[in-house]
Amino acid sequence: MLKAICSSKELTGNGYYDCVKDIIDCQQLQELKGITHHVSTTRFQHCLNVSYYSYIVCRMFSLNARSAARAGLLHDLFYYNRREYNSSRSKGQASHSRKHSMEACANAAKVTDITRLERDMIEKHMWPATRQMPKYKETYIITIIDKYCAILEFCVPKVQRIVNRKAQ
């Protein structure tokens, strides 16, 4: 069962799923299920969250919701440990923000053909940390949704624990 954080919708039976069904089960994405991300979720779940909400917002504004769904699913397709990378990084070496987005883009291109729009969305989803400005409205949306989902992924489990304690 596929669900985005704070959503009760099953995602396999709607237009969203039609946009990603050819890539969502690929081995590269499935490997993200074993990597913790934002303390309380997996990198796969985070990508699914960003993908689904980017799709919804782009559809609402009559933008390219299909590309938003695909880029959202692929935007964090990297496998190294962020903390290890940051602690061993030397002067002049790319920041994690820059490195992981470039690596995710290269990995995404191995999974499927990505459009210029999808490339921009994946490479620049960490803007302004990546400095180069997004070219498309969809890229700004995925950038904002990525941060929104990170906050939800961090806060919602804590709130649920508090609510559950009070209910007992």
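Student: Where do arginine 119 and glutamate 123 lie, and how many residues apart are they?

Tutor: Both sit in helix 7 (residues 116-123), four residues apart, which is about one turn of the helix. Keep in mind that we are looking at a predicted model.

Student: What do the side chains of arginine 119 and glutamate 123 meet in?

Tutor: Start with the general idea: side chains of opposite charge can pair when their charged atoms come close. Here, arginine 119 and glutamate 123 form a salt bridge, at 3.8 Å from N to O.

Student: Is glutamate 123 buried or exposed?

Tutor: Buried counts as under 20% relative accessible area. Glutamate 123 has 16% relative accessibility, so it counts as buried. Arginine 119, at 34%, counts as partly exposed.

Student: How many salt bridges does a search of the whole structure find?

Tutor: Six turn up. One of them links lysine 124 to aspartate 120, with the closest N and O atoms 2.6 Å apart. Lysine 124 and aspartate 120 are both buried. Another pairs the side chains of lysine 147 and aspartate 146, at 3.3 Å from N to O. Of that pair, aspartate 146 is buried, with a relative accessible area of 6%, while lysine 147 counts as partly exposed at 32%. There is also a network: Asp22, Arg70 and Glu118 are joined by salt bridges that share partners.

Student: Back to helix 7. How do I read the way helix 4 and helix 7 cross?

Tutor: Look at the distance between the axes, then at the angle. The axes of helix 4 (residues 65-74) and helix 7 come within 9 Å and cross at roughly 40°. An angle under 35 degrees would count as roughly parallel, and 65 to 115 as roughly perpendicular. The angle here therefore makes helix 4 oblique to helix 7. As for handedness, the crossing is right-handed.

Student: Which residues of helix 4 and helix 7 meet?

Tutor: Helix 4 brings Arg66, Ser67, Ala68, Arg70, Ala71 and Leu74, and helix 7 brings Leu117, Glu118, Met121 and Ile122. Sorted by class, the contact has six nonpolar, one polar and three charged residues. Arg70 and Glu118, both in that contact, also belong to the salt-bridge network with Asp22.

Student: One more spot. Which strand holds threonine 41, and what is threonine 41 in contact with?

Tutor: Threonine 41 is in strand 2 (residues 41-42). Set aside neighbours within four places in sequence, and threonine 41 is in contact with Ile35, Thr36, His46 and Glu153. Its relative accessible area is 13%, so threonine 41 is buried.

Methods: Residues numbered from 1 in each chain as written. Predicted model: local features only at pLDDT ≥ 70, side-chain atom pairs only at ≥ 80, totals over all residues. Heavy atoms only, no water. Helix = DSSP H or I, 4+ residues; strand = E, 2+ residues; numbered from the N terminus. Buried < 20%, exposed > 50% of the residue type's maximum accessible area, 1.4 Å probe, protein only. Contact = heavy atoms within 4.5 Å. Salt bridge = Lys/Arg side-chain N within 4 Å of Asp/Glu carboxyl O. Axes fitted to C-alpha atoms, helices over the stretch in contact; angles between N-to-C directions. Parallel < 35°, antiparallel > 145°, perpendicular 65-115°, else oblique. Left-handed = near helix turned anticlockwise from the far one by under 90°. Nonpolar A, V, L, I, M, F, W, Y, C, P; charged D, E, K, R; others polar.
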